[in-house]
Amino acid sequence: MSVIFGLAAAVAVVAALGVVVAQRTLYSALALVANMVALAVLFLTLDAQFLAAVQIIVYAGAVMVLFVFIIALLSPGAQERLHPLEARVLIGGLAAVAFTVVVARLTLNGVSVAASGRFYGRLGPFAPVLVDRHGQVQTLGEQLFTTFLLPFELSSLLLLVAAVGAVYLSRRRRAS
Amino acid sequence: MTGWSVGALPWYPLHFVPAVDLLSALPELIVGAGMVLMLIADLLVPPSRRGILAVGTAAVLSAALVAVIWQWGGAAHAYATFDGSFVADRFGLFSDALILSTAIVVVLLSPPYLAGRGLHAGEYYILLLASVVGMLTLAGGTNLIVIFLGVELLSIPLYVLAGFARDERRSQEAGMKYLLLGGFASAFLLYGMALVYGDTGKTNLTAIHRVLLEAVPAGHVSPLLMAGIGLIGIGLAFKVSAAPFHWWTPDVYEGSPVVVTTFMSVATKVAAFAAFLRLFSTTFGSAQSGWTVPLALVAIASMIFGNVVALAQRSMKRMLAYSGIAQAGYILIGVAVGQPDGTAAALYYLAAYTAMNTGAFAVLTILSSRGRECDEYRHLRGLGRREPFLAGLLAIFLLSLAGFPLTAGFFGKFFLFSAAIHDGQVPLAVWGVVTSAVSVFYYLRVTLLMLGQAGETEGMDPGSTGGDQLESWAVQTGDRRAGWTLPGRVLVLTAAAATLVLGIFPTVVYGVIQGIHAVTG
């Protein structure tokens with residue numbers, strides 16, 4: 001498991017670097033896709049299956065399609081080269097370092113949940129046993145088909161009728 | 001870390017199975033299934049025979065109406081199912097019956113009208129059925145999530161239906177305006193719900209009701225909760241088109257095909273008021289001192305604005321739109337008064353409104369089924385001689401809207417105003433009576449217009465193309481058969497009969513309504 005985790009983490013880092021370094025915007029976008037898929041694999045190894053699925057569907061799927069669509073629409077040429085000492089490069093670098101420090105500290109010291117005011121260590125309520133139970137898609141499905149059965153079915157009907165309406169409005173007019 | 005592979009997962013049984021009673025949602029299930037059925041039928045039915053779809057849709061709606069009547073007996077002590085998110089109580093069922101009746105009338109009147117305007121597409125029936133599912137859900141929803149989804153399911157098909165005449169600029173404008181302002185209203189509604197959830201931690205109305213019951217006597221109602229209630233009220237006021245949240249109404253009503261306008265103006269209002277009453281009179285009832293004054297102000301503003309601006313209209317749809325704003329104001333009196341008199345009076349008025357407004361629009365639909373929209377006042381001039389029967393029926397509906405005795409509108413207003421006086425909210429009743437007197441002018445104006453000569457051109461530019469249009473319109477009305485179908489005849493007569501029964505024997509319906517109250521769980 002840790003091998004897969006390590007590999008995925010390495011791919012994520014390389015892909016993230018690729019986003020910044022790539023010469024063409026489209027390559028940056030593709031590197032971002034690789035990064036998001038690698039992150040999804042990380043979630044999977046951490047027993048967060050639903051998060052992994054959402055990561056693929058929403059980010060790697062919908063959001064990236066939008067990105068690529070906009071890139072294709074604006075069709076930027078070769079990128080202007082950034083000087084390594086330019087202000088925005090420096091600011092961006094500083095922000096990245098600060099973010100890394102914060103995340104590292106949180107990871108090493110455990111996460112405190114502000115809402116309840118109690119301190120939660122790494123073996124607190126998010127211990128592997130509990131993550132195992134509640135992070136699973138099973139829990140979510142169970143809720144969807146019991147407590148939230150009616151809203152779930154209503155949403156599906158809503159999506160269906162939205163599609164029907166969109167097809168009607170955009171359909172080419174028939175020769176009459 | 002263990003337990004990654006699925007095989008290693010321990011099986012957790014369903015530890016909690018909420019009460020899911022599918023029978024309580026029978027009307028919704030019938031209409032929803034009917035919608036899917038029509039989706040398939042649309043592919044099989046040849047374009048020239050789309051009337052079959054109308055008959056099928058009406059059959060589905062009638063089946064749902066039968067289900068509602070069947071549920072009525074057992075609904076006296078109904079409790080919420082689907083984990084407390086939906087209830088088939090008599091309050092909801094009564095609203096369901098009004099919504100379904102309106103939908104049946106609209107569907108059966110649609111084919112000749114839509115065919116006449118070249119709009120007869122199968123999607124019309126599918127969208128309409130989906131909207132009905134949303135309305136029925138809204139009338140019985142006892143959970144904020146379900147209520148929100150009901151509002152959306154009601155609205156999204158209506159956005160498309162408002163723009164159903166895709167090639168006409170006014171219809172496009174109506175669809176777009178309704179979409180933008182409807183989305184705006186939904187945002188208010190959702191934000192309000194989020195605040196209520198944020199404060200109470202609950203989405204079930206029963207639980208919210210309980211929180212309020214404890215908080216109000218102790219004086220611990222948080223501003224967050226009151227802000228949430230206020231925003232929910234604004235969101236719903238948009239949907240019932242109460243002033244000052246009514247700006248979309250005239251343009252959308254005017255631009256939409258008249259059958260859609262009928263459905264929109266009656267069924268939407270009934271469903272939204274059902275949710276309004278359930279939320280405000282019951283759930284937020286204990287916090288009434290906090291919202292009753294703003295709500296009364298909205299009611300008064302709607303009555304004044306709707307009735308005064310309606311005076312200046314020259315289009316039937318716009319006049320009925322402003323009249324609808326005024327009617328929303330009257331019904332809001334019932335919400336502001338609260339349980340139990342206010343709720344009963346509001347339900348009675350909704351029944352009266354369904355009969356008279358559906359009837360008035362049905363006559364317009366029949367007149368419009370001859371190829372051209374019969375909308376402007378001048379189109380109605382002399383109708384009394386050309387078609388005395390239709391003109392007479394339209395007169396009954398208009399007089400009822402004005403609140404003349406022996407019609408439904410009279411007792412509708414009587415119950416509302418007396419409930420207001422009974423509750424000590426005399427200004428509401430006074431403003432109601434004053435604005436009703438104003439409304440008589442514009443309703444009578446149309447009625448008298450129908451008695452006039454067809455050739456008179458008073459108020460028209462003699463040189464404009466209007467004269468030609470009028471002429472061609474008159475030529476088209478020569479085909480008196482079009483639109484005047486058997487179902488059309490039966491339905492308009494039924495609406496007229498309902499208007500008179502509600503106006504002459506009010507106890508028939510009021511006796512049924514009197515004991516009803518909206519339950520939350």
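# Asking the Model for Its Reasons

Me: How much surface does chain A expose, and which atoms supply 75% of it?
Reply: Chain A exposes about 12,000 Å², and 75% of this comes from carbon and sulfur atoms. Accessible areas are obtained by the Shrake-Rupley method with a 1.4 Å probe, and for residues only the protein chains shown count as cover. For chain B the accessible surface is about 18,800 Å², with 69% belonging to carbon and sulfur atoms.

Me: What kind of model is this, and how are its parts numbered?
Reply: This is a predicted model, in which local features need pLDDT of at least 70 and side-chain atom pairs count only at pLDDT 80 or more, while totals for chains, interfaces and linings use all residues; side-chain values use heavy atoms, with hydrogens and water left out. Residues are numbered from 1 along each chain as its sequence is written, and chains are lettered from A and ligands numbered from 1 in the order in which they are written.

Me: What makes up the secondary structure of each chain?
Reply: Chain A has 7 helices and 0 strands, and its elements run α-α-α-α-α-α-α from the N terminus. Chain B has 21 helices and 0 strands. Here helices (H or I, at least four residues) and strands (E, at least two) are DSSP runs, numbered from the N terminus.

Me: Why is R117(B) called buried or exposed?
Reply: Buried means under 20% relative accessible area, exposed over 50%, and partly exposed in between (1.4 Å probe, protein chains only). R117(B) has a relative accessible area of 19%, and therefore counts as buried. This residue belongs to the loop between helix 3 (90-116) and helix 4 (123-140) of chain B. Apart from neighbours within four places in sequence, R117(B) is in contact (heavy atoms within 4.5 Å) with A165(B), E168(B), P257(B) and E373(B).

Me: What share of each chain counts as buried?
Reply: In chain A, 22% of the 176 residues are buried. In chain B, 60% of the 521 residues are buried.

Me: How do you know that E123(B) and R171(A) form a salt bridge?
Reply: The rule asks for a side-chain nitrogen of Lys or Arg within 4 Å of a carboxyl oxygen of Asp or Glu. In this pair the closest N and O atoms are 2.8 Å apart. The bridge crosses between chains, from helix 4 of chain B to the segment after helix 7 (149-170) of chain A. E123(B) counts as buried because its relative accessibility is 7%, whereas R171(A), at 27%, counts as partly exposed.

Me: What makes R50(B) and D42(B) a salt bridge, and are they buried or exposed?
Reply: Their N to O distance is 3.7 Å, which satisfies the rule. Both R50(B) and D42(B) are buried.

Me: Why do E376(B) and R378(B) receive their accessibility labels?
Reply: E376(B) is partly exposed because its relative accessible area is 32%. R378(B) stands at 14% and is therefore buried. The two side chains meet in a salt bridge with an N to O distance of 2.9 Å.

Me: How many salt bridges are counted over all chains, and which residues are linked in a network?
Reply: The count is 10. The network links R170(B), E173(B), K177(B), D251(B), E254(B) and R318(B).

Me: Why is D83(B) not called buried?
Reply: Its relative accessibility is 25%, so D83(B) is partly exposed. D83(B) sits in the loop between helix 2 (51-72) and helix 3 of chain B, and its phi is near 55 degrees, a positive value in a residue other than glycine.

Me: What makes L406(B) exposed?
Reply: L406(B) has 56% relative accessibility and therefore counts as exposed. L406(B) lies in the loop between helix 16 (388-402) and helix 17 (408-422) of chain B, and has a positive phi of about 70 degrees although it is not a glycine.

Me: How do you know that the bond joining A243(B) and P244(B) is cis?
Reply: Omega of this peptide bond is about 0 degrees. P244(B) is in the loop between helix 8 (223-239) and helix 9 (249-255) of chain B.

Me: What is called a nonpolar core, and which residues touch the most other members of the largest one?
Reply: A nonpolar core is a set of buried Ala, Val, Leu, Ile, Met, Phe, Trp, Tyr and Cys residues joined through side-chain atoms within 4.5 Å. In the largest, of 187 residues, Y124(B) and F280(B) touch the most other members. Helix 13 (residues 341-368) of chain B contributes its largest share, 19 residues. Another core, of 6 residues, lies apart from it and includes A29(A), L32(A), M64(A) and I71(A).
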